[in-house]
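Visitor: I know my way around a bench, but not around a model like this. Please walk me through its features one at a time.

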Amino acid sequence: MHETTAKPKPPSEIEDPPLPADPVIEAYKKDVDRTLLRQSLKMTVEERILSVQKLNQFIEELQRATRAK
Amino acid sequence: MITDFEALIRLLSQDSVEFILVGGIAAAAHGAARSTRDLDVVYRRSPENIARLVKALSCHAPYLRGAPPGLPFRFDRETVLRGLNFTLITDLGELDLLGEIVGGGNYEELLPYTVEVEIFGWTCRTIGLKRLIEVKRAAGRPKDLEAIAELEALLEERLKGRT
């Protein structure tokens with residue numbers, strides 16, 4: 001689809017030096033639900049995006065229902 | 001209004017607009033579980049690409065998001081050339097067109113840090129997970145702290161899966 005002008009770098013999170021740890025982010029990391037992430041990593045990219053869209057639809061419906069009361 | 005991510009991605013792709021998915025939708029593409037309302041893309045600011053972008057969106061009522069109705073806003077080549085970042089509402093939902101992003105730069109600067117993903121039958125470019133974390137860190141917004149923590153946890157999970 002795209003005419004690329006620069007050769008994209010392959011995903012190289014393993015080879016690259018790790019990001020420096022930020023103590024604030026490390027503190028937030030303790031509350032991350034890794035079960036959800038592992039579940040998401042089993043999905044295709046398309047499924048992940050559609051899942052966000054479904055969540056947005058659910059939130060919208062919930063808000064509409066709350067407003068109607 | 002709920003953003004139709006699929007329709008927006010298809011729309012841009014079928015008109016050969018050169019763009020990179022960034023922000024919340026890029027995070028979701030990498031596996032983040034949090035919700036996002038808009039589609040954020042960094043677009044290439046070449047005259048040809050701007051022409052394709054304008055053509056793709058012209059039938060979808062692009063308007064400045066949050067602006068009062070009735071402003072003399074025209075989404076045309078001149079407007080895009082004069083501006084840089086546009087937060088738009090369209091009849092397909094919320095679309096942020098970014099000429100550049102803090103910590104990531106413009107399309108050409110970001111391109112080496114992208115990965116190709118297959119979505120809805122199209123090959124699109126999305127910012128790499130590590131670069132996305134760096135960009136979010138550079139933006140320094142308190143509201144991003146939880147999102148960064150989730151992205152870093154994702155990176156760890158991916159590394160664990162590969163080793």
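**Reading the side chains**

Guide: Let's start with B:R65, which is partly exposed at a relative accessible area of 26%. Buried means under 20% relative accessible area and exposed over 50%, with partly exposed in between (1.4 Å probe, protein chains only). Residues are numbered from 1 along each chain as its sequence is written, and chains are lettered from A, with ligands numbered from 1, in the order in which they are written. This is a predicted model, where local features need pLDDT of at least 70, side-chain atom pairs count only at pLDDT 80 or more, and totals for chains, interfaces and linings use all residues; side-chain values use heavy atoms, leaving out hydrogens and water.

Visitor: Which residue forms a salt bridge with B:R65?

Guide: First the idea: side chains of opposite charge can pair when their charged atoms come close. The rule here asks for a side-chain nitrogen of Lys or Arg within 4 Å of a carboxyl oxygen of Asp or Glu. For B:R65 the partner is B:D96, with the closest N and O atoms 2.9 Å apart. B:D96 sits in strand 5 (residues 93-98) of chain B, while B:R65 is in the loop between strand 3 and helix 4, so to speak 31 residues away along the chain. Helices (H or I, at least four residues) and strands (E, at least two) are DSSP runs numbered from the N terminus. B:D96 counts as buried at 9% relative accessibility.

Visitor: How many salt bridges does the whole structure have?

Guide: The search gives 24 over all chains. One of them joins B:D15 to B:K55, closest N and O atoms 3.2 Å apart. B:D15 is in the loop between helix 1 (5-14) and strand 1 (19-22) of chain B and B:K55 in helix 3 (residues 47-57), so this pair ties together parts 40 residues apart in sequence. B:K55 itself is exposed, at 55%.

Another pairs B:R44 with B:E108 at 3.1 Å between the closest N and O atoms. B:R44 is in the loop between strand 2 (39-43) and helix 3 of chain B, B:E108 in helix 5 (residues 107-110), so parts 64 residues apart in sequence are tied together. B:R44 is buried at 12%, whereas B:E108 is partly exposed at 33%.

There is also a network built from salt bridges with shared partners: its members include A:E26, A:R38, B:R137 and B:E156.

Visitor: What about rings? How many aromatic pairs are there?

Guide: A pair of aromatic rings is described by the distance of the centres and the angle of the planes. Rings of Phe, Tyr and Trp (its six-membered ring) pair if their centres lie within 6.5 Å; planes under 30 degrees apart are stacked, over 60 edge-to-face, the rest tilted. The count comes to 3 over all chains. B:Y63 and B:F73 have ring centres 6.1 Å apart and planes at 85°, so they are edge-to-face. B:Y63 is in strand 3 (residues 63-64) of chain B and B:F73 in the loop between strand 3 and helix 4 (77-82), 10 residues apart. B:Y63 is buried at 19%, and B:F73 is buried at 17%. B:F75 and B:F86 are edge-to-face as well, at 6.3 Å and 90°. Ring pairs link B:Y63, B:F73, B:F75 and B:F86 into a cluster.

Visitor: Is B:F75 buried or exposed?

Guide: Buried, at 10%. In soluble globular proteins, nonpolar side chains tend to be buried together. A nonpolar core is a set of buried Ala, Val, Leu, Ile, Met, Phe, Trp, Tyr and Cys residues joined through side-chain atoms within 4.5 Å. The largest one has 36 residues, and B:F75 is among those with the most contacts inside it, along with A:I49, B:L39, B:L97 and B:I119. A second, separate core has 26 residues, including B:V42 and B:L129.

Visitor: Which residues does B:F75 touch?

Guide: Contact means heavy atoms within 4.5 Å. Leaving out residues up to four places away in sequence, B:F75 touches B:L53, B:V54, B:L57, B:P62, B:V80, B:L88 and B:L97.

Visitor: And where is B:E94?

Guide: In strand 5 of chain B, buried at 15%. B:E94 and B:T3 are 91 residues apart in sequence, yet 5.7 Å apart C-alpha to C-alpha.
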